Amino acid sequence: MYKNFYRLQKNPFEITPDPAFLFPTPRHNEALASLYYGVTSHRGFVVLTGEVGTGKTLLLRSLLGLLQRRDIAFALIFNPSLSPLEFIRYIAGDFGLPVAGKAKDELIHVLNAFLLQRHQQRLTTLLVVDEAHHLSAEILEEIRLLTNLETAQQKLLQIVLAGQPELDQKLDSFGLRQLKQRVALRCHLEPLNLEETRKYMERRLQIAGASAESKIFSDPSVSVVFRHSKGIPRLINTICENALLSGYAKRASTVTPDIIENIAQDLRLGIVTVSDKDSGEAPRRQGDQNELLLAVRTLLELHDRLKETDTTVSVPLSNRLPGHEPYI
């Protein structure tokens, strides 16, 4: 809709992870190099983490694009909410192995034979699990057992787990310490800084066909995009895509800061609601505090009454006659 108006050949801010739009920050380059090295040098087990929207899936697709040139077979799991049997069956099926009607032990036997055959041909085989922070403890244990498929020299199956920082928390748990010890390489993606955000937007616009001299987003607008997105690439894309639509509707050749502010407001950026768990926790803590205050108040009242009783017993009768103040 806005492509002709801004003289673009395609949409520059699609949120789908297209490797053609990979923006090579030093951290992304380092992470991609670590993943590539870990797989091609048969290190066995590599972990990639990053906050929501920092480009983990895009980086994985870029990695797989590089690995395909080396005849590396891979299975990609992007929905890890599976049972252990479904997990093994999915892996075997993605490698093109027969899975119909086979029990788990049969699937593992078939998978091991397949891996040995590829190893004898000096070929690499890779398992990639995206959204790995959703993996259950049972599936993570299955992954640990898959790392046992090896020869005396090297692992038969290379494994890459990618997920949010919660994945690190899971791997740090006591029950998964055996799996954690097998992690050969770790890499982590961070949000972009302001200058990287500027270059990220410029690169995407140029790949989409914008000339180097065009100024579709003003410098103040880029700063506002960064402030609302906090440098998260996915949010940058969402804000900019909507901003281009709004700019086109207003026939604005340059996207101004007020357009970005309106988009951020429409997208409800910066608004975070309290979860059901948290919203129930606060009243409970407040209730506990009220009960504690009530208990303290009751104890103080009881103390005063006991004090009055002691005074009544010890004070002489003459001092308790009308017109006399109590004597303590």
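In this predicted model, helix α3 (residues 84-94) and helix α4 (residues 104-120) make a good place to begin: their axes come within 10 Å and cross at roughly 30°. Because angles under 35 degrees count as roughly parallel, α3 is described as roughly parallel to α4. The crossing of these two helices is left-handed.

It helps to look at which residues meet where α3 and α4 come together. From α3, the residues in contact are P84, L85, I88, R89, I91 and A92, while α4 contributes K104, L107, I108 and L111. Sorted by class, this contact of α3 with α4 holds 8 nonpolar residues and 2 charged ones, with no polar residues.

Helix α2 (residues 56-68) offers a simple check of geometry. At 1.5 Å a residue, its 13 residues should span 18 Å, and the end C-alpha atoms are indeed 18 Å apart, so the expected and computed values agree. Several residues of α2 are buried, namely K56, L58, L59, L60, S62, L63, L64 and L67. The elements that cover these buried residues include one helix, α1 (26-40), along with the strands β1 (45-50), β2 (73-77), β3 (125-129), β4 (158-163) and β5 (185-189).

Stepping back to the whole protein chain, there are 12 helices and 5 strands. The chain has 328 residues, of which 38% count as buried. Among contacts in the chain with a separation of 6 or more, 73% come from residues 24 or more positions apart.

Definitions and conventions
Residues are numbered from 1 along each chain as its sequence is written. This is a predicted model: local features need pLDDT of at least 70, side-chain atom pairs count only at pLDDT 80 or more; totals for chains, interfaces and linings use all residues. Side-chain values use heavy atoms; hydrogens and water are left out. Axes are lines fitted to C-alpha atoms, for helices over the stretch in contact, and angles run from 0 to 180 degrees between N-to-C directions. Helices (H or I, at least four residues) and strands (E, at least two) are DSSP runs, numbered from the N terminus. Angles under 35 degrees count as roughly parallel, over 145 as roughly antiparallel, 65 to 115 as roughly perpendicular and the rest as oblique. A crossing is left-handed if the near helix is turned anticlockwise from the far one by less than a right angle, and right-handed if clockwise. Contact means heavy atoms within 4.5 Å. Ala, Val, Leu, Ile, Met, Phe, Trp, Tyr, Cys and Pro count as nonpolar, Asp, Glu, Lys and Arg as charged, and the others, Gly among them, as polar. The expected span of a helix is 1.5 Å times one less than its number of residues. Buried means under 20% relative accessible area, exposed over 50%, partly exposed in between (1.4 Å probe, protein chains only).
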